[in-house]
Amino acid sequence: MTLPGVLLFAACTSGTEGGDAASAQKAAPEAAAAGWQVLFDGTDLSRWRGYRQDTVPAAWRIEDGGVLALVPRPGHEGEATLITRERYGDFELELDWRISEGGNSGIFYRATEDYARIYESGPEMQIVDNAGHPDGKAPITSAGSNFALYAPTSDVTHPAGEWNHVRIVARGPHVEHWLNGTKIVEYEQWSDDWKARVADSKFAAMPGYGKSPTGYIGLQDHGNPVWFRDIRIRRLDAGH
């Protein structure tokens, strides 16, 4: 898809969750008081950089209305995956995402930079057009899944072009994926069940997969246009 097509798509679609840059900035003081750290308020990418890079890859753009857009470069799939500058262990993450028709992306957490690709270390909450991408046909790789390990309990995904609201909670080994207000995945990282699933998946060939208790949040460049907005995180402790 060309850049003009991406901009037109973003301008012509909307959703009910989230808001524009002005509303995100207005809400920032209240969010900070509740322990939230705003990772993207619609204007500022200073809390991000490329995976194994020092700066934000040029494929990421901030569009009108404060939306973070990936405009992928043909033939350079995976080179623009974005990660936070800080590492997080126990956390609660919220954001909105929107995927292109037939598109694929993902949200990684507790990822390290020890390997060439982020998915070799970080668990992933799948982002995909369930109706238009092959991964969407199998529940275990469909939108909201813990990719290739835990399938969502139900499909509450909004179609390609519409916003979806994410909440990921990780507290010690306990991880929850929420999508559009519904908890759809719940698992115990490092449990016997988790280890058995990893051993029976493609991750068995990746010795560092899911091993780190802390790491970066990542937004995947999978070669398809994808949009994010209203990204915030808070560290969890005994008081949350």
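Are Phe-203 and Tyr-209 buried or exposed? Phe-203 is buried, and Tyr-209 is buried as well. The views below start from the whole chain of this predicted model and come back to those two rings.

**View 1. The whole chain, with its 3 helices and 13 strands.** Here's the overall picture before zooming in. Of the 240 residues in the protein chain, 52% are buried. The accessible surface adds up to about 10500 Å², with carbon and sulfur atoms supplying 52% of that area. If you like contact statistics, take the contacts between residues at least 6 apart in sequence: 68% of them link residues at least 24 apart.

**View 2. An open sheet of 5 strands, paired antiparallel.** Reading across, the order goes β2-β5-β12-β7-β8. The edge positions belong to β2 (48–50) and β8 (124–128); each has a single partner strand, so one side of each has no neighbour in the sheet. From one strand to the next, the twist averages 20°. Look at the β2 end for some detail: 3 bridges hold β2 to β5 (residues 82–84), with the two running antiparallel. In that pairing, Arg-49 sits opposite Ile-83 of β5. As a reminder, strands in a sheet pair through backbone hydrogen bonds, in either a parallel or an antiparallel sense.

**View 3. Two hairpins in a row, β9 to β10 and then β10 to β11.** Strand β9 (residues 164–171) runs antiparallel to β10 (residues 174–179), and 6 bridges join them. Across this pairing Arg-167 faces Trp-178 of β10. The hairpin leaves 2 residues between the strands, and Gly-172 in the turn takes a positive phi of about 60°. Next along, β10 pairs with β11 (residues 182–188), again antiparallel and over 6 bridges. His-177 stands opposite Val-185 in β11. This second hairpin also has 2 residues between its strands, and the positive phi in the turn, about 50°, belongs to Asn-180.

**View 4. An aromatic cluster made of Trp-194, Phe-203 and Tyr-209.** Back to the rings from the opening question. The model holds 5 aromatic pairs. One of them is Trp-194 with Tyr-209, stacked at 6.2 Å centre to centre with 15° between the planes. Trp-194 lies in helix α3 (residues 192–199) and Tyr-209 in the loop between α3 and β12 (216–219), so this pair ties together parts 15 residues apart in sequence. Phe-203 and Tyr-209 are stacked too, because their ring centres are 3.9 Å apart and their planes meet at 10°. How buried is the stack? Trp-194 has a relative accessible area of 3%, so it counts as buried, and Tyr-209, at 2%, is buried too.

**View 5. Glu-120, in the loop between β7 (104–111) and β8.** This acid links the view of the sheet to the view of the cluster. Glu-120 has a relative accessible area of 13%, so it is buried. Leaving aside residues up to four places away in sequence, Glu-120 touches Tyr-115, Met-206, Gly-208 and Tyr-209. Tyr-209 is also a member of the aromatic cluster in View 4.

**View 6. Two arginines over tryptophan faces.** Arg-98 lies over the face of Trp-227, 5.0 Å from the ring centre. Arg-232 does likewise with Trp-36, at 3.9 Å from the ring centre.

Note on methods. Residues numbered from 1 in each chain as written. Predicted model: local features only at pLDDT ≥ 70, side-chain atom pairs only at ≥ 80, totals over all residues. Heavy atoms only, no water. Pairing = 2+ DSSP bridges. Helix = DSSP H or I, 4+ residues; strand = E, 2+ residues; numbered from the N terminus. Axes fitted to C-alpha atoms, helices over the stretch in contact; angles between N-to-C directions. Phe/Tyr/Trp six-rings, centres within 6.5 Å; stacked < 30°, edge-to-face > 60°. Buried < 20%, exposed > 50% of the residue type's maximum accessible area, 1.4 Å probe, protein only. Lys NZ or Arg CZ within 6 Å of the ring centre and 35° of its normal. Contact = heavy atoms within 4.5 Å. Areas by Shrake-Rupley, 256 points an atom, 1.4 Å probe, with all protein chains shown as cover.
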